[in-house]
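Please work through the exercises below with the sequence and the model open beside you. Each exercise sets a task, and a stepwise solution follows.

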Amino acid sequence: MHADVHTDTHTDTHTDTHADVRTEMSAGAWLRAVDDDRTRTAALRQAPSLVDGLRREGRHAQALDVVARALRQARGADLLARLGGQQVLLDLDLTDTSGGAAADAGAAEDPDRAAVRAAARTLADAADRALAVGRTAAAADHLLQALHVLLHRSLHTLDAPSPLSRKESGWLDPVTRSAAYTRLHLRTPRATGTPDARDRPRVLLLTDGNAHFLGEVEKGLVGAGASVTRLDLSGPRADGVVPAPAVLARARLGDPAARAAVGVSAAAPEVAALLDEADTVVVDWCTAAAVWASLVVRPGARLVVRLHSVEAFSVEPHLVDWSRVDDVVLVGGQLESLVRHVVPALAPARTRRGGPRVHVVPNPVALDGPPPDGRVPSAAGPDAARTVAVVGWAQPVKDPLWALEVLDELRRHDPRWRLLLVGADWTEPQLPPGRRYRAEVLRRIAAAGDAVVRTGWTADLPEVLRDAGYVLSSSRRESHGVAFCEAVAAGCLPVTRDWPDVAEFGGAAAVFPAEWVVRSPQEAAARVLALAAEPDDVRARTAAEAAAVVRARYGTTAVLPRLLDVLVPAARSAADGVRPGDDARPHLVYVAIGFPPAAKSSAYRMRATANLFVDRGWDVTVVTIDRHAWDLEYGLDLSLLDLVDPRVRIVELPLRRADLDPDVRAYSWFRAKHPTRWVRLRHRLDTIPFPEKVFGPWRRTLERGTEAVVRDRPADLLLVSPAPYTTLAVARHVRRRTGTPYVVDFRDGWSVDVLGEGEAFGPRTRRGRWERRVLAGAEAVCTVNEPIAAFYRERYPELASRVHVARNGFDADLGTDLAVARRPDPAAGLAFGYLGTVNLTPAHLSLVVDAWAAAREQDEVLARSTLTFRGHVGAGWAAGANGNAAVIARAGVHGVTYGGPVAKADVAATYGRWDALLLALAGGRFVTSGKVYEYMATGLPVLSAHEMPHAAQDVLEGYPLWVRPPALTVEALRDGFVETARRVLSASEDDRAAARDHASRFERSLQLDPVVAMLDDRFGAVR
């Protein structure tokens, strides 16, 4: 394969319908016309088209003059919105985000991101106004320009971190929350059609100028028996067929003229026959070609879109009609997490309800076997021991300045180190910031002298890399780095930056072993120097192991079958002699005690996890206990079963808690006569099979039941979710008996004292030895917050790279908006509410209700107000084994009531009856709780009644309606209730919207999906 990688074709297409329109008058003539009373109105109408033309021609100074004059004299919100957007685009064209040394005197300062978002919001509002009166073309134009403003290349491809690189940025919210954007992504009813029965499926590979990654794909399709045709929409046959993006956007919003233009394009002789004959259309790269295909592919034909990397930061994924797409292929797990986060139509909550199937399948790379000449790849050149290579370097997204920083660090230790830059030289960028970045790179290269060597393009990468011992990925983002993988397969020792634009979504550690990944030039140099210090045989063995990793993960043999299963499943299955559905999907066995319909808070996490795996193409079998066992403990919520994907298989084992059995007729004489002594003895006996009270005796039944499920159908992965911690024994047992790899979703952990500040037991205790043995064999360990993760990384440093955080969150995929529309009525009093399991100590709960009573005496509005507790009152409530209910009952004279449990389907209505929420939590820095996410989604004021520091405060920081008393005392909480009442009465619509905006980043699927994506990428390959 060539050493070059794809060009970062991040587009910024203008909103004009015809891209070749030239300016109809000079800027000077326009300025004269706008100063003339007779021609001013016409000149102002023409201003946006003139600015677009000048910008296309690179005449930015003149364009800025025109837009500034037009903004001073224009009237009308729509015209002002468009001109304001154009001014921001021009400023961004000139903005230098590369920082420091790259900036020259002519560079604009860093962009004002608040101003960028404000311009986008103004344009989105203009789109909504136009849509409301039926002006779909204008609405599309405004919406498209808003997207171009937020996704301008200067914000996403140079050195400053992309705003999309942070999960919590909400960067695209000004557009994605608009009515016009929502209309754009209403599901389109799919036209029915039946594909013709053919022995050889006909596949049309559709590209838009970049077919770099299709070579191995086309060979595989042909090998699977498909008839394959390629069509390059920018090539000689079809160039100009696809309408401009503005026309496509208008067509997506239903503009009749634009739809007619799209229909004409599909009827063009160059493409009509190919579209008509294709059983499957595969669009490589999510460019305008994908938007067009989603509008024109015939009924009955499958449409598959493959996204690489740059598209996640581009406009086109927001224009595709995803309801017309059957399958989406993303080439990296971290990329998939990013795309699902920034493109609402591909969020798990949407795709699970009828959207396209989403798959993570890397680009197949020809890494299998030795080079064509039969030589064994090795770094045999005389300078290889002190040479680091970067393959495909000449683009800002590859960030060669970062690589040069690594070189500087190496040369501080030894001036003999060199940097080998492999690939074509840099073409002249179109915009000034790109030209400045390129100039700085070339200046640094020239200053380095002989320390930097440029080879140019090569067709024989292994031969060139004989002069390099190490390969460095310095990129800001990658899918999985094809060129990097080729270099590792050629024998180079790997060092990869934790690609900063996707680091929060898994980064390089989701693609490569953690020991390859570094976060700074200093760390990169330290890794290279450490490898260089090893004996030759150790380096050779390390290089061979690294080459084996990339071949196993990204070689054609490993990847191509998975891709063919998506592109031509029928042909693939026939070629392999496998019937569709015959174990073709990876299988997860999920040991989840507390799975729906258990009315436990953990049920929501378990439900979402199972649904996410199904959404990724897995078959999921849940192993849990008899549902009626929950009648004795937390109770049942049968409405939860409606929220579980119907494809999830649930196996219930005959287990229930004997200590909660209310049927005295079944008691032994000893239990009936000495209940306290019976409980103490029972708990001692419980720990004989496994060191856990109550649940230890379940061990054998859980082990045998789960093993039977795995033997009935082999599993690709076993996931256990303690508590009970007896399930840890299940993971170890099934691994030893069947070889199934396992992952522990620890949630709150075991050896950590979540209600205290330290460890619950020591490492040398029986429990400690069990925990170490099980975690040592786990492929990954998940916790619900960073403090617990840090505890386990410190306790087991050898497992640190396997410990991940998968927060809880609120469930946005339930079809219910939790936002509360109720407005307070101070004359009638305010309604305070608590929803969730009341698992506080009676002393803590008494403190809360005493503070409430004191607040009612102090504040006249609170004197008329109520405090309602809803939810289960702790474990054993159904059997009457709980004291908190008595505390609530005694406070009835102060307007405190208990309303009973709430079914999940009734949660939104329950919140809708309240004006403020009480967050009373046990524990401290290790306890986040699940209800805090749901509380924030309501947009109501939230009063904290818990110890500080507390893990929940990490989530609440930045929530504008959070009331945080300075201490957990009656006096502090009393004042907190009073302040919360004030916030209720003073909060504006903007305050509530800002609160919900803060909450949106904590949707449960967004929190769980990166870890599920990582596991899918590692274990989801079809056997």
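Buried means under 20% relative accessible area, exposed means over 50%, and partly exposed lies in between (1.4 Å probe, protein chains only). The model is predicted, so that local features need pLDDT of at least 70 and side-chain atom pairs count only at pLDDT 80 or more, while totals for chains, interfaces and linings use all residues. Residues are numbered from 1 along each chain as its sequence is written, and side-chain values use heavy atoms, with hydrogens and water left out.

**Exercise 1. Cysteines**

State how many disulfides the structure holds, and decide whether cysteine 286 and cysteine 782 are buried or exposed.

Solution. Begin with the criterion, by which a disulfide is a pair of cysteine sulfur atoms within 2.5 Å. The structure holds 0 disulfides. Next, take the accessibilities: cysteine 286 has a relative accessible area of 1% and is therefore buried, and cysteine 782, with 4%, is buried as well.

**Exercise 2. Backbone geometry**

Find the cis peptide bonds that involve alanine 723, and place this residue among the secondary-structure elements.

Solution. Helices (H or I, at least four residues) and strands (E, at least two) are DSSP runs, numbered from the N terminus. Alanine 723 belongs to the loop between strand 16 (717–720) and helix 29, and proline 724 lies in that loop too. The bond that joins proline 722 and alanine 723 is cis, with omega about 15 degrees. The following bond, from alanine 723 to proline 724, is also cis, and its omega is near 0 degrees.

Describe the setting of tryptophan 285 and arginine 747, neither of which is a glycine although each has a positive phi.

Solution. For tryptophan 285, phi is about 80 degrees, and the residue sits in the loop between strand 3 (280–284) and helix 14 (288–296). Its relative accessible area is 4%, so tryptophan 285 is buried. For arginine 747, phi is about 55 degrees, and the residue is part of strand 17 (residues 742–747). Arginine 747 is buried as well, because its relative accessible area is 13%.

**Exercise 3. Salt bridges**

Give the number of salt bridges in the structure, and compare the surroundings of the partners in the pairs formed by arginine 40 and arginine 412.

Solution. Side chains of opposite charge can pair when their charged atoms come close. A salt bridge is counted where a side-chain nitrogen of Lys or Arg is within 4 Å of a carboxyl oxygen of Asp or Glu, and the structure holds 60 salt bridges.

Step one: arginine 40 pairs with aspartate 37, their closest N and O atoms being 2.8 Å apart. Arginine 40 is partly exposed, at 23% relative accessible area, whereas aspartate 37 is exposed, at 62%.

Step two: arginine 412 and glutamate 409 meet through their side chains at 2.7 Å, N to O. Both residues belong to helix 17 (residues 400–413), where they are 3 residues apart, about one turn of the helix. Arginine 412 is exposed, with a relative accessible area of 60%, but glutamate 409 counts as buried, at 15%.

Step three: a network arises where salt bridges share partners, and one such network joins Glu336, Arg340, Asp615, Arg616, Asp1009 and Asp1016.

**Exercise 4. Surface patches**

Name the residues of the positive patch and of the nonpolar patch formed by Leu681, Leu685 and Ile688, and say which helix gives the most to the positive one.

Solution. Patches are made of residues with over 30% relative accessible area and no salt bridge, like charges being joined within 9 Å and nonpolar side chains (Val, Leu, Ile, Met, Phe, Trp, Tyr) within 5 Å. Lys and Arg count as positive and Asp and Glu as negative, while His and the chain ends are not counted.

The positive patch on the surface gathers Arg736, Arg766, Arg769 and Arg773. Helix 30 (residues 766–776) gives the most to this patch, with 3 residues, and arginine 736 is found in helix 29 (residues 727–738). At 63% relative accessibility, arginine 736 is exposed.

Leu681, Leu685 and Ile688 form the nonpolar patch, with about 280 Å² of accessible area together, where areas come from the Shrake-Rupley method with a 1.4 Å probe and only the protein chains shown count as cover for residues. Leucine 681 lies in helix 27 (residues 675–686) and is partly exposed, at 34% relative accessible area.

Key: Charge placed at Lys NZ, Arg CZ, Asp CG, Glu CD.
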